Number of protein chains: 2
Amino acid sequence: MAAALALSLRGRGRTAPNPNVGCVIVRDRRVIGRGWTQPGGRPHAEAMALAQAGDAARGATAYVTLEPCAHASARGPACADLLATAGVARVVYALGDSDPRTDGKGAARLVRTGISVESGVLARDAASAMGGFLARRDLGRPLVTLKLATSLDGQIALASGESRWITGPQARAHVHLERARHEAILVGRGTFDADAPRLDVRLAGLEQRAPRRLLLTRGAAPEGWQAIATPADIASLEKVDHLFVEGGAQAAAAFLAADLVDRLLLYRAPILIGAGRPALGDIGLGSLADAHDRWRLSDTRMLGSDRLEVYLRA
Amino acid sequence: MAAALALSLRGRGRTAPNPNVGCVIVRDRRVIGRGWTQPGGRPHAEAMALAQAGDAARGATAYVTLEPCAHASARGPACADLLATAGVARVVYALGDSDPRTDGKGAARLVRTGISVESGVLARDAASAMGGFLARRDLGRPLVTLKLATSLDGQIALASGESRWITGPQARAHVHLERARHEAILVGRGTFDADAPRLDVRLAGLEQRAPRRLLLTRGAAPEGWQAIATPADIASLEKVDHLFVEGGAQAAAAFLAADLVDRLLLYRAPILIGAGRPALGDIGLGSLADAHDRWRLSDTRMLGSDRLEVYLRA
């Protein structure tokens, strides 16, 4: 299942509104098929893995990160049917799919054809790997990641506005990798006017992965951009399950004030700036007690001389 | 020598203007004496260790973090003489003592009496352990540690001034331990007026270790406090080899602007504050290029849910 979860991440940011599923087919302790939801949502992970496995799938075990779907569509057959037809003996999945067209029906269909079914394996990790899909399904909006790149004292620029560069090349490359994992990136009007950011993915081999560009503004969108007036408007974005908020201080604060940030990427350079431009505007905090117990450190690593910390909503 | 260095730290913050030296006497692979400079500077580490070892010191090896002194005083005999009289066979020390009364004379006196002498062992670690003494000797001022306790976005209070508490009890206890390792603590006038801080050491067994209290102000000092008008005035402080700058933002910035901070303790709580009170005032930074390569991460650890990072001047 861990291998299936790793495969599922390959589709993250490119499968909305479909879930980014991973699938591994194992027979006699050997992996005979690997699949993940392809860009745009099809083929599904199971279809790809079964195609690899071919006849060897008969009697094999399929590990899938989400309950196999029970509904055929014009774009492809139901995965539960595909698995049954291929003759797999056992299906292990991590999370149930509450889509009413599947919701237990996928598992039931497998059981009916004599396939042994097990669920709930590494469910917590699967919820993290498919967080965007689940946020859309359960919260009706994309999973929101906020990026901050600051000095040790929390500044994102000098008072003069100079901000290039606070973090080093490794940290900036990591930001580009994160961009590639999101369907859309958002900046505020102030950042747009000051920096006219390209927000592209400048990593070899990933240049085509530049996400859609959103501008938080009550005004009109420039060409090549889409405007949203308030953070709450992200609920209506189509085919966006992962949103990357890149700045600046006012846009970041607006999302935090609306309690619409699920994941915080904090890139910190070992420098002090002093009286400059702080990372955040007003987030509407009434007292310190309200600030505590909202964030949990999930990961930390060095990127050159900078440190990345990843915090998740507690 | 590592054991001698650990012992030397027991005196840190209490021996100025004397160095905080550590000494271990070893014979037949057994430790027979341990000493460290006592509060106020006497007895010296060697005298304490030799008193423990007694007659067993004959033929033993003494490990000392600083070259044994060659000058007797009204307060005690020269350590080089003490070691010779005790009959030690070998003396290993980490750093030479450039005090003109010793500066090689200590070693020479040992060699003349037939003692084998080795120097430079763990010299770098010794320079760190006796950093306050060396700052006073080489820079003519105390070693300065700046403490900052901030949110993830570098704020030290809400806009309302509310600042209790950002960090948790473990981090605050660690600050009290650091206080006990300094001869003096400094705050700025704004912090004094706002918080009237006690700056004492509220740790069981260390209540008596509260350092002297300094106020950065051009005005008069309140009772129980000593005033200094500018950061540069720390050079004239008597019996202060370690200075702990606790805040607030203007005092911290004044020391940074004067390039008088050697060590930075950054306590960070996993909270976001937004538009509050930033950790630092203007530090006189002209460009981002000037901010880089000034700080090197030396240590990091979790204190409850807060993280402590220790940066040293690069």
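**Helix packing, a β-α-β unit and a two-fold axis**

Student: In this predicted model, are helix 2 of chain B and helix 3 of chain B roughly parallel or roughly antiparallel to each other?
Tutor: Helix 2 covers residues 45-53 and helix 3 covers residues 79-86. They pack at an angle of about 20°, with axes 9 Å apart. Angles under 35 degrees count as roughly parallel. Helix 2 of chain B and helix 3 of chain B are therefore roughly parallel.

Student: Which residues of helix 3 of chain B are met by helix 2 of chain B?
Tutor: The crossing of this pair is left-handed. Helix 2 of chain B contributes Glu46(B), Ala47(B) and Leu50(B). Their partners in helix 3 of chain B are Cys79(B), Leu82(B), Leu83(B) and Ala86(B).

Student: What is the bridge partner of Arg90(A) in strand 5 of chain A?
Tutor: Strand 4 of chain A (residues 90-95) runs parallel to strand 5 of chain A (residues 116-119), and 4 bridges join them. Together with helix 4 of chain A (residues 105-112), these strands make a right-handed β-α-β unit. Arg90(A) is bridged to Ser116(A).

Student: What relation links chain B to chain A?
Tutor: A turn of 180° and a shift of 0.1 Å along the axis lay chain B on chain A, with an RMSD of 0.1 Å. That is therefore the relation of a two-fold axis.

Student: In chain B, which residue has the C-alpha nearest the axis?
Tutor: The copies meet through the same surface, because 100% of the interface residues of chain B are also interface residues in chain A. In chain B, the nearest C-alpha lies 2.1 Å from the axis and belongs to Gly154(B).

Conventions: Residues numbered from 1 in each chain as written. Chains lettered and ligands numbered in written order. Predicted model: local features only at pLDDT ≥ 70, side-chain atom pairs only at ≥ 80, totals over all residues. Heavy atoms only, no water. Least-squares fit on C-alpha atoms with pLDDT ≥ 70 in both. Contact = heavy atoms within 4.5 Å. Pairing = 2+ DSSP bridges. Helix = DSSP H or I, 4+ residues; strand = E, 2+ residues; numbered from the N terminus. Right-handed = clockwise from strand over helix to strand, strands pointing away. Axes fitted to C-alpha atoms, helices over the stretch in contact; angles between N-to-C directions. Parallel < 35°, antiparallel > 145°, perpendicular 65-115°, else oblique. Left-handed = near helix turned anticlockwise from the far one by under 90°.
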